[in-house]
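Me: Hey, could you walk me through this structure? I'm new to this, so keep it simple.
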Amino acid sequence: MKALQGMKASYRLQKVFNSNNPMEPVRGRRYTEENQPQALIAFLYSLLRANRSHRRGLLTSILNLFDDSA
């Protein structure tokens with residue numbers, strides 16, 4: 001699923017941006033001008049919110065990453 005690949009790429013990019021402090025965990029947020037936190041993959045969330053089948057497919061692919069029976 002392309003959304004899962006996008007989430008993985010986003011995580012890798014945030015690791016690169018966060019490389020000046022490698023002991024701090026990667027945070028997936030930024031702060032807007034109003035000092036409100038916003039998810040860095042908010043666009044993906046907005047796409048998934050509109051369609052239940054896309055949400056289900058993404059959740060299934062994420063859960064398959066943690067499946068130990070495979």
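Reply: Sure, one term to start with: Ala, Val, Leu, Ile, Met, Phe, Trp, Tyr, Cys and Pro count as nonpolar, Asp, Glu, Lys and Arg as charged, and the others, Gly among them, as polar. With those classes, the lining of the largest pocket has eight nonpolar, three polar and two charged residues. This is a predicted model, where local features need pLDDT of at least 70, side-chain atom pairs count only at pLDDT 80 or more, and totals for chains, interfaces and linings use all residues. Residues are numbered from 1 along each chain as its sequence is written, and side-chain values use heavy atoms, with hydrogens and water left out.

Me: How much space lies in the largest pocket?
Reply: About 230 Å³. A pocket here is an open set of points on a 1 Å grid over the protein atoms alone, where a 1.4 Å probe fits, with protein on both sides within 12 Å along at least five of seven lines; lining residues have an atom within 4 Å of a point. The volume is the space filled by probe spheres set on the points.

Me: Which residues are closest to its centre?
Reply: Of the 13 that line the pocket, those are M7, S10, Y11, G28 and I41.

Me: And which element gives the most to the lining?
Reply: Helix α1, with six residues. Helices are DSSP runs of H or I with at least four residues, strands are runs of E with at least two, and both are numbered from the N terminus.

Me: New topic: is L4 buried or exposed?
Reply: L4, which lies in α1, is buried because its relative accessibility is 12%. Buried means under 20% relative accessible area, exposed over 50%, and partly exposed in between, with a 1.4 Å probe and protein chains only.

Me: How far apart are L4 and L63?
Reply: They sit 59 residues apart in sequence and 11 Å apart in space, C-alpha to C-alpha.

Me: OK, back to α1. Why does V16 count as exposed?
Reply: V16 is also in helix α1, and it counts as exposed because its relative accessibility is 55%.

Me: What about the loops? Where is M23?
Reply: M23 is in the loop between α1 (2-17) and β1 (29-31). M23 is exposed, at 76% relative accessible area. Its C-alpha is 32 Å from that of S69, 46 residues along the chain.

Me: And what's with the phi of N35?
Reply: N35 has a positive phi of about 60 degrees, although it is not a glycine. You'll find N35 in the loop between β1 and β2 (37-39), where N35 is exposed at 57% relative accessible area.
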